[in-house]
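This text walks through one structure, from the whole chain down to single residues. Please keep the sequence and the 3D view at hand while reading.

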Amino acid sequence: MKVRALAAVALVTLTSACGLDVNTSLPYTIHPGSIQPIPELKDVKVTVGSKDFTENILLAYMAEMALSAAGADVRDLTDIKGSNSSRQALLGGQTDVTWEYTGTGWINYQGNELPVPGGEQAQYDATKKADEEKFGVTWLDYSPLNDQYGFAVTEAYAQQNNLKTTSDLAEFLKKRPEQAVFCLETEFTSRQDGFPAAVKAYGFQSPVVKNFGIGTIYSAVSSGTCPIGEIFTTDGRIAGLNLKVLDDDKKAFPQYNAVATLRSDFLKQHPQLRGPLEAVSKAIDNKQMIELCKQVDVDGRDHGEVARDWMVAKGFVKTD
């Protein structure tokens, strides 16, 4: 059972998510490991989608391999541009499985302005309930992986200006307003759980925003193009480029635990999909994902190969 996936990192950036014909099979075959064939899933067609950043692509490939080992006929539709496009692909039936984040579901899809107080479980419970009731989307068990937004500066900049928290940054920028230059992804600039939430919580005054692709923000901060950049807290480039993540001490950003989501009617038809997906979800956490993302974004390895090696190391699958 071969997983349909992108053959090289270059294809991730060059191909669009408009169809499956642009994807090629990985040069290895997936065999069952601890994830064993499930008779009810044999040859069931399942399309797995992802957003367009490394972590989400890795999670999608893990799901593809898990479902292939279970016997499903897996189709790849990774690298969909933007959260809203990925979401619409799921709702419209172009994809059947996609990894989402609890904070994204609550703020962006449910239209709430503030995160749910009470931590990860409370945020998950509220998001799961609302999404099933309003949109017919089921959230499986949430993962320990909690990929939150944050701001980063270089380690040298942080030490020079005594910056440890985002509150420290806000106080520093009041004294040095010319330094209030932020490298941000376009989506983060406008989404309510992104920069607007940070401005509201920390009171940044007249910040200058430079929009970059998420993949170039890290190098822009590292090179000094921008003193401050938006980051994902599990991104491997943080360590690779010697960046300092500032603590979100006022909790401006919601919890973002990763969860495999499916349309409820599709899951009811194939409830056996739950087991393989939740096995992967339970096994991945922030520390592991930072290392996996580093292998892709710093070391230049292929997304699919990194995901495969992790799945094999966990014993979920075997390969030739």
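The accessible surface of the chain is about 13100 Å², and carbon and sulfur atoms account for 51% of it. The model shown here is predicted. Its charged side chains number 32 positive and 41 negative, with the centres of the two sets 1 Å apart.

The overall dimensions come next. The C-alpha trace spans about 65 × 40 × 30 Å along its principal axes. A compact globule of 320 residues would have a radius of gyration near 20 Å, and the chain agrees with this because its own value is 20 Å. Of the 320 residues, 54% count as buried.

The secondary structure consists of 15 helices and 14 strands. As for how the chain meets itself, take the contacts between residues at least 6 apart in sequence: 75% of them join residues at least 24 apart.

One place to look is strand β6, which covers residues 97-101 and includes T98. Is T98 buried or exposed? Its relative accessibility is 1%, and buried means under 20%, so T98 counts as buried. Leaving aside residues up to four places away in sequence, T98 touches G49, S50, S86, L90, V259, A260 and T261. With one of these residues, S86, the side chain of T98 also forms a polar contact of 3.4 Å.

Strand β6 appears again in the surroundings of helix α13. This helix runs over residues 274-283, and its buried residues are P276, L277, E278, V280, S281 and A283. Which elements do the buried residues of α13 pack against? They pack against two strands, β6 and β13 (258-263), and against the helices α2 (54-69), α14 (286-297) and α15 (303-313). The contacts of T98 with V259, A260 and T261 fall within the range of β13, residues 258-263.

A residue in a loop can be followed in the same manner. F204 sits in the loop that connects α9 (195-202) with β10 (208-211). Despite this loop position, F204 counts as buried, because its relative accessibility is 7%. Beyond residues up to four places away in sequence, F204 touches F151, T166, L169, A170, L173, F182, F195, A198 and V199. Among them, F195, A198 and V199 belong to α9, residues 195-202. L173 is another of the residues touched by F204. Although 31 residues separate F204 and L173 along the chain, their C-alpha atoms are 7.6 Å apart.

Conventions
Residues numbered from 1 in each chain as written. Predicted model: local features only at pLDDT ≥ 70, side-chain atom pairs only at ≥ 80, totals over all residues. Heavy atoms only, no water. Helix = DSSP H or I, 4+ residues; strand = E, 2+ residues; numbered from the N terminus. Rg over C-alpha atoms; globule rule 2.2 N^0.38 Å. Buried < 20%, exposed > 50% of the residue type's maximum accessible area, 1.4 Å probe, protein only. Contact = heavy atoms within 4.5 Å. Areas by Shrake-Rupley, 256 points an atom, 1.4 Å probe, with all protein chains shown as cover. Lys, Arg positive; Asp, Glu negative; His and termini not counted. Charge placed at Lys NZ, Arg CZ, Asp CG, Glu CD. Polar contact = N/O pair within 3.5 Å; in protein donor to acceptor, adjacent residues only side chain to side chain.
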